[in-house]
Amino acid sequence: MNNKVELSIILPVFNEEGNIVSLLKEIDEALCTRNISYEIVAVDDGSQDKSRDLLIEEYEKRSNLKVILFRKNFGQTAAFDAGFQYSSGDKIVTMDADGQNDPADIPRMLDELNRNYDFVAGWRKNRKDGTFSRNIPSKVANYLIRRITKTKIKDLGCSLKLYRREITKDLHLYGEMHRFIGVLVEGLGARVSQIEVNHRPRLMGVSKYNLNRTFKVVLDLITVWFLRSYQTKPIYVFGGAGLLTLGLSAISLGVVAYQKFFNNIWVHKNPLFIIGMILGVVSIKFIDIGL
């Protein structure tokens, strides 16, 4: 199991006892016609059902299965990151363990990657999820992310993706960053492609998605926008804020000086003096952070 393989398939698992065994079999069926060595890296993200026990049972039966067990639920991003670290394939696939991603799409994605690409994203053009609970929020989120980050990837929330290892080594994931992997990969200068993939309805288990994640996505979107736009030039952001506050400080102190000499308002009785001094200190700190 420690031998290097051509393909690693990373499965983040959280309470998927009804799907995991059948999904492993589907992966075998999808790749059996390909002359390719592969491994499956299943990351149990603190499941509270029988998923962990089933994975351990499958581990004892299979020579190509790695199992990573989290003590508690850390989230899909952490599961992907752990899978990247413990996988050994030159090419890496990520996909959901709920059975909605179709393993039969993996060979087509491999063919696409071999057309001189570094990263292939799946596009769930015909999603089989609830319209109001998932489809509409997902479309709105994808639209906002595309507008802000200028990415060309149409379905940023699709977990079915294929990477070359040199790309995953440069990815640093945290928070809910798995939703922005496509944007981060583009920022690394990778050659990116996307293909339509089959999206299937969930037959077993319960979706882990809820609208509370929207707030986390918005905060991470700000982070990604900053990293993509100003990672190597933070002075443009903090320096600009510093110059703005420095200008406001100068205006405030100028008004204080005018009022002192022409309106006979003493400095110690003028709150604008304190405001101007605070803005001056803040401007210096902003510029210092930018440098």
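## A buried glutamate on helix α4

E112 is found in helix α4. This is a predicted model, so let's start with what it says about that residue. Is E112 buried or exposed? With a relative accessibility of 12%, E112 counts as buried, because the cut-off for that label is under 20%.

Which residues does E112 touch, once neighbours within four places in sequence are set aside? The contacts are Y117, V120, S193 and I195. V120 falls within β5 (119-123), while S193 and I195 belong to β7 (192-196).

## The sheet

Now for the sheet itself. Seven strands make up an open sheet with mixed pairing, and their order is β3-β2-β1-β4-β6-β5-β7. At the edges sit β3 (65-69) and β7 (192-196), each of them paired on one side only. On average, and ignoring direction, neighbouring strands are turned by 20 degrees against each other.

As a reminder, strands of a sheet pair through backbone hydrogen bonds, either parallel or antiparallel. Strands β1 (residues 7-13) and β2 (residues 38-44) run parallel here, with seven bridges joining them. In one of these pairings, S8 has E39 in β2 as its bridge partner.

## Helices on the sheet

Two helices are worth a look. Helix α3 (residues 76-86) lies across β1, β2, β3, β4 (91-94) and β6 (161-164), and it runs at about 150 degrees to β1. Helix α4 (residues 106-113), home of E112, also packs on the sheet, where it touches β1, β4, β5, β6 and β7. The direction of α4 makes about 140 degrees with that of β5.

## V43 in strand β2

V43 is found in strand β2. How buried is V43? Its relative accessible area is 0%, so V43 is buried.

Leaving out residues up to four places away in sequence, V43 touches L11, P12, V13, I68, F70, A79 and G83. L11, P12 and V13 lie in β1 (residues 7-13), I68 is part of edge strand β3 (65-69), and A79 and G83 come from helix α3 (residues 76-86). V43 and F14 are 29 residues apart along the sequence, yet their C-alpha atoms are 8.5 Å apart in space.

## The whole chain

Zooming out, the chain has 10 helices and seven strands. It is 291 residues long, and 46% of them count as buried. Take the contacts between residues at least 6 apart in sequence: 78% of these join residues at least 24 apart. The accessible surface comes to about 15700 Å², and carbon and sulfur atoms account for 58% of that.

Conventions: Residues numbered from 1 in each chain as written. Predicted model: local features only at pLDDT ≥ 70, side-chain atom pairs only at ≥ 80, totals over all residues. Heavy atoms only, no water. Pairing = 2+ DSSP bridges. Helix = DSSP H or I, 4+ residues; strand = E, 2+ residues; numbered from the N terminus. Axes fitted to C-alpha atoms, helices over the stretch in contact; angles between N-to-C directions. Contact = heavy atoms within 4.5 Å. Buried < 20%, exposed > 50% of the residue type's maximum accessible area, 1.4 Å probe, protein only. Areas by Shrake-Rupley, 256 points an atom, 1.4 Å probe, with all protein chains shown as cover.
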